[in-house]
Structure formats: C-alpha cells, structure tokens
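Q: Got a minute to go through this one with me? I'd like to start with the cysteines and then wander around the loops.

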Amino acid sequence: MDRVAPEDVRTVTCAGAGVIGGGWAAYFLARGYDVVAWDPAPDAEDKVRHLVDAAWPALTALGLVEGADRDRLSYEPDLKKAVEDTDFVQESAPEVLELKRQLLADIDAAAAPHVVISSSTSGFGMSEMQISCAQPERTVVGHPFNPPYLIPLVEVVGGMDTSAEVVDWTARFFEVAGKSVIRMDREVPGFVGNRLQEALWREALHMVAAGEATVEQIDQAIVDGPGLRWALQGPCLTFHLAGGQGGMAHMLDHFGPSLLSPWTRLVSTELTPELRDAMVEGTEREAAGRTIDELVQERDQGIIAILRALGRV
C-alpha cells in the first residue's frame with residue numbers, strides 16, 4: 001500500500017499518553033482526526049481522557065474544525081492493535097533513550113510499511129533512536145512545544161537513515177494539521193527552540209544560585225519585558241529594531257563589543273540541593289496556592305488571547 005497523502009490522513013495513533021501525548025491527542029481530535037491512544041500505564045485511559053477534557057475548553061475557544069469530537073478518541077492497550085489501521089504515529093514516550101529505541105522498533109514492527117512514525121522527543125536525535133528499526137527510513141522527529149494543543153510550533157528533522165521524502169511528508173502533514181513547522185536541514189541536539197530555552201534557563205539558575213535574582217524576579221523580567229516582544233517578533237528581529245533606522249548592522253556595530261562582556265554564564269551551574277529547593281520554593285510562592293489545573297487554565301487563556309491579538313486564529 002502506498003503512503004497516504006498528508007491531506008488524506010484520517011487516523012492518528014498517539015503512542016504514549018502522558019502530558020505531551022495526551023496534548024497531541026486533544027489537538028488531533030480538535031482538528032477532526034480519529035485518534036487511537038496507547039500507553040502501558042494501568043490508568044492511562046483515565047489520564048488521557050482527563051487531559052483531553054481539560055484541553056477541550058481552550059480548543060473550543062480557538063475554534064474546532066467540522067467533525068471535531070472527543071468521542072473520536074479510542075484507547076487501545078495493545079500496541080499492535082493501536083497501530084494496525086493508523087495513517088500516522090506520534091510517539092511521546094518518556095525521554096529515556098533505550099525506552100524510545102525499543103518503542104520505535106516495536107511500532108516499526110507492527111505498523112504497516114507505509115505509515116510514518118514521528119517522535120515527540122525533546123532532545124534526542126532520530127539517528128540515535130532509529131538504530132533498532134527495520135525500516136528506519138520512515139522514522140522522523142516531530143518535536144512539539146508544551147502544550148502541543150496550543151503552541152503552534154513543531155520542529156521536523158530526520159535521522160541519518162530517514163528518507164528525505166518522509167521528512168517532507170511529515171512537515172506537510174503537520175502544516176495540513178494546522179501547525180507552524182520548522183523543517184530542519186540537519187540534526188542539532190535539542191533542536192532550535194529548546195537550545196534557546198536552555199540558554200535562558202541556565203542563566204536563570206545561575207542568578208538564583210548566586211543570589212542575584214529571585215524566581216519571581218526572573219519570571220517577571222521575561223513576562224513584562226522581552227517576552228512581550230518575543231510573542232510578536234523573535235530575538236533576531238527584535239535586535240534588528242534595536243538598531244533604529246540602521247537595523248541589525250548598526251546594532252551589531254554599536255553593541256557588538258558587549259558580546260565580550262560577562263553578562264551570561266552559559267555553562268550549566270551545579271544543581272545543588274539548595275538550588276533545587278530554592279527553585280521549588282520560588283515557584284510555589286509564585287503560584288500562590290493556585291493548583292496545576294488552575295495555572296494551566298490561566299496559561300491557556302493567555303495564549304489564546306495572544307494568538308487572537310496576532311490574528312493567528
């Protein structure tokens with residue numbers, strides 16, 4: 001059987017139904033697909049249905065496509081049955097390399113030869129995950145950002161044995177499914193978005209560890225500072241505007257020497273018990289008694305407002 005066209009995908013299997021896999025399930029349902037969820041945990045079905053129900057108000061606010069229905073979600077405890085009639089597989093297992101290698105190999109052995117197998121991995125390259133697959137050419141990374149039912153970006157990149165046709169097909173499929181896609185030309189550990197996030201995260205840990213800023217101050221600095229600009233324009237275009245009429249060229253000529261200033265420490269600080277406790281206590285203060293579900297609702301409504309303001313929905 002030939003591979004279906006990206007526009008003709010009807011059934012998606014979400015292999016792994018935790019926070020990311022459940023978020024994917026909710027998103028695909030909202031886009032009108034039939035979704036089969038699989039996860040080995042004994043309470044997986046209850047959890048994935050809870051995740052879908054929790055995400056549905058936000059997805060409804062964004063706008064459901066015709067035919068979107070939570071009743072189109074089915075749970076299948078047998079992996080072979082979960083992938084036997086699917087058009088596409090999105091794997092979202094925990095970030096454990098051996099676990100992902102084995103799961104991808106199991107999916108590869110069970111799914112029809114034409115089915116593309118995509119991984120939600122947040123850092124592993126497909127080259128190191130596909131080594132046990134009999135058909136590694138159809139395995140590819142489709143890295144989302146949490147929550148995948150709201151954040152548009154997906155980074156698509158193949159491994160050494162992934163065919164270019166599969167990378168192209170996957171990028172097109174996610175575009176058809178309503179995602180913003182970066183089709184990466186080469187594997188980079190952590191991809192694009194996570195490498196940028198990691199740099200900011202490491203500096204935040206350094207500042208807390210050194211007593212230079214609190215957790216609350218760091219979050220406020222981003223939320224009320226550059227984060228507002230980044231929701232509209234990325235860091236490169238932001239600095240282009242910082243150069244005035246001279247643009248990026250003037251900015252680099254004027255501020256370039258500051259790159260040698262010791263403003264950041266990109267080598268990771270040691271995650272000591274004291275630093276770990278400081279980060280936990282700081283986020284608990286910032287949460288101010290709000291539950292995870294309440295914070296998720298606040299986040300989702302805020303993202304929707306931003307997306308509406310940007311004309312993205």
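**Cysteines first**

Q: How many disulfides does a search of the whole structure find?
A: Zero disulfides turn up in a search of the whole structure, where a disulfide is a pair of cysteine sulfur atoms within 2.5 Å.

Q: OK, what's the nearest cysteine sulfur to C14?
A: That would be the sulfur of C133, 18 Å away, and C14 is in no disulfide. C133 is in no disulfide either, its nearest cysteine sulfur being that of C14 at 18 Å.

Q: Is C14 buried or exposed?
A: C14 is buried, at a relative accessible area of 1%. Buried means under 20% relative accessible area, exposed means over 50%, and partly exposed is in between, with a 1.4 Å probe and protein chains only. C133 is buried too, at 8%.

Q: Before we go on, what kind of model is this?
A: It's a predicted model: local features need pLDDT of at least 70, side-chain atom pairs count only at pLDDT 80 or more, and totals for chains, interfaces and linings use all residues. Residues are numbered from 1 along each chain as its sequence is written, and side-chain values use heavy atoms, with hydrogens and water left out.

Q: Thanks. How many helices and strands are in the protein chain?
A: The protein chain has 13 helices and eight strands. Those are DSSP runs numbered from the N terminus, with helices being H or I of at least four residues and strands being E of at least two.

Q: And what's the radius of gyration of the protein chain?
A: The protein chain has 21 Å, which agrees with the value near 20 Å that a compact globule of 313 residues would have. The radius is taken over C-alpha atoms, and the globule rule is 2.2 Å times the number of residues to the power 0.38. Along its principal axes, the C-alpha trace spans about 60 × 45 × 40 Å.

Q: What share of the residues is buried?
A: Buried residues are 41% of the 313. As for contacts (heavy atoms within 4.5 Å), residues 24 or more positions apart account for 71% of those with a separation of 6 or more.

Q: How many positive and negative side chains are there?
A: There are 26 positive and 48 negative side chains, and the centres of the two sets lie 3 Å apart. Lys and Arg count as positive, Asp and Glu as negative, while His and the chain ends are not counted. Each charge is placed at NZ of Lys, CZ of Arg, CG of Asp or CD of Glu.

Q: Switching to backbone oddities. Which residues does a cis peptide bond join?
A: N146 and P147, with omega about 0 degrees. P147 sits in the loop between β6 (139-144) and β7 (153-158), and N146 is found in the loop between β6 and β7.

Q: What is N146 in contact with, leaving aside neighbours within four places in sequence?
A: N146 is in contact with V19, I20, I151 and R299. The C-alpha atoms of N146 and I20 are separated by 6.7 Å, with their positions 126 residues apart along the chain. N146 is partly exposed, at 43%.

Q: Why look twice at a positive phi or a cis bond?
A: Because most residues other than glycine have a negative phi, and most peptide bonds are trans.

Q: So what about F191, where does that one lie?
A: F191 lies in the loop between β8 (180-183) and α7 (193-209). Its phi is near 65 degrees, a positive value in a residue other than glycine, and F191 is buried at 3%.

Q: And A288, buried or exposed?
A: A288 counts as exposed, at 61% relative accessibility. Its phi is positive, about 50 degrees, although A288 is not a glycine. Look for A288 in the loop between α12 (273-287) and α13 (292-309).

Q: One more loop: what does V65 touch, not counting residues up to four places away in sequence?
A: V65 touches A30, R31 and G32. V65 is in the loop between α2 (44-62) and β3 (73-75) and is partly exposed at 25%. The C-alpha atoms of V65 and L29, 36 residues apart along the chain, are 9.2 Å from each other.
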